[in-house]
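This report looks at packing inside one protein chain. Please read it beside the sequence and the model.

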Amino acid sequence: ATHVVNPGQSIQAAVDAASPGDTIVVRAGEYYESVAIHKDGLTLRGQGNVTLEPSYYGSSECYIPGHDVGICVVPADFPGTGTYAKRVQDVTITGFRVVDFEGDGIFGFGTRNLKVSDVVAIDNAAYGIASFDGIGTTFTGNTVSGSHDAGIYVGDSPNANAVVSHNRASNNAVGILVRHSQK
């Protein structure tokens, strides 16, 4: 199924209502929220100029002190425990502008086949776009700037099998960082 989110509506509400395999199309506009994805097979697609900004500090379900996140993809049991029983699989995020979060623009942890493309991540305090403990991560065609850590990060992923290509990074503490990742 396809869910459409218009300005003034909640992206998170559409994610919550979606079933695995659904597509959420977010129409052009400014959205003030954090989005947490815990379901397999979701596609989150910005249509036109879609900007995601924080509504207030600490609003993210991936929140830890000083680390509010724009869009996070983590297993449902990860927040609060830091561990998980099953990876979130086959999530695609494309076409967003993610700006000014106190933590990461886009954050993945415990994922399989996370795809992030055509995202612009600007002035997020930690990472622009990051994947930790991911398998099959693909980051392509993204532009990141103003991150106080790496603009793009793939790390702590012993079986990474990641693809990082055709991205642009400027004015970050580190442009693109791949660390503790193999295969």
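## Around Val98

Leaving aside its neighbours within four places in sequence, which residues is Val98 in contact with? The model is predicted. In it, Val98 touches Leu52, Gly70, Ile71, Gly105 and Ile106. Val119, Val120, Ala121, Ile122 and Asn124 complete the list.

Val98 sits in strand E7, which spans residues 92–99. Its relative accessible area is 0%. The cut-off for buried is under 20%, so Val98 is buried. Ala18 lies 80 residues from Val98 along the chain, and their C-alpha atoms are 22 Å apart.

## Nonpolar cores

The largest nonpolar core holds 32 residues. Ile11, Leu44, Ile71 and Ile93 touch the most other members. Several elements give two or more residues to this core: helix H1 (11–17), strand E2 (23–32), strand E3 (35–37), strand E4 (43–53), E5, E7 and E15.

Ile71 has contacts beyond four places in sequence with Val35, Ile37, Leu44, Leu52 and Ile93. Phe96, Val98, Gly105, Ile106 and Phe107 are also in contact with Ile71. Another core lies apart from the largest one. This other core has 14 residues, among them Val74, Ala126, Tyr127 and Phe132. In soluble globular proteins, nonpolar side chains tend to be buried together.

## A stacked pair

The count of aromatic pairs comes to six. In one, Phe78 and Phe109 have ring centres 4.5 Å apart and planes at 25°. Planes under 30 degrees apart count as stacked, so this pair is stacked.

The Phe78–Phe109 pair links distant parts of the chain, 31 residues apart. Phe78 is in the loop between strand E5 (71–73) and strand E6 (88–89). Phe109 is in strand E8, residues 106–109. Phe78 has 17% relative accessibility and counts as buried. Phe109, at 18%, also counts as buried.

## A tilted pair and its cluster

Phe132 and Tyr153 form a tilted aromatic pair. Their ring centres are 4.7 Å apart, with 40° between the planes. Phe132 lies in strand E12 (residues 129–132) and Tyr153 in strand E15 (residues 150–157), so the pair ties together parts that are 21 residues apart in sequence.

Phe132 is buried, with a relative accessible area of 14%. Tyr153 is buried at 0%. Phe107, Tyr127, Phe132 and Tyr153 form one aromatic cluster. Two of these names recur from the cores: Tyr127 and Phe132 are among the 14 residues of the core that lies apart from the largest.

Terms used: Residues are numbered from 1 along each chain as its sequence is written. This is a predicted model: local features need pLDDT of at least 70, side-chain atom pairs count only at pLDDT 80 or more; totals for chains, interfaces and linings use all residues. Side-chain values use heavy atoms; hydrogens and water are left out. Rings of Phe, Tyr and Trp (its six-membered ring) pair if their centres lie within 6.5 Å; planes under 30 degrees apart count as stacked, over 60 as edge-to-face and the rest as tilted. Helices (H or I, at least four residues) and strands (E, at least two) are DSSP runs, numbered from the N terminus. Buried means under 20% relative accessible area, exposed over 50%, partly exposed in between (1.4 Å probe, protein chains only). Contact means heavy atoms within 4.5 Å. A nonpolar core is a set of buried Ala, Val, Leu, Ile, Met, Phe, Trp, Tyr and Cys residues joined through side-chain atoms within 4.5 Å.
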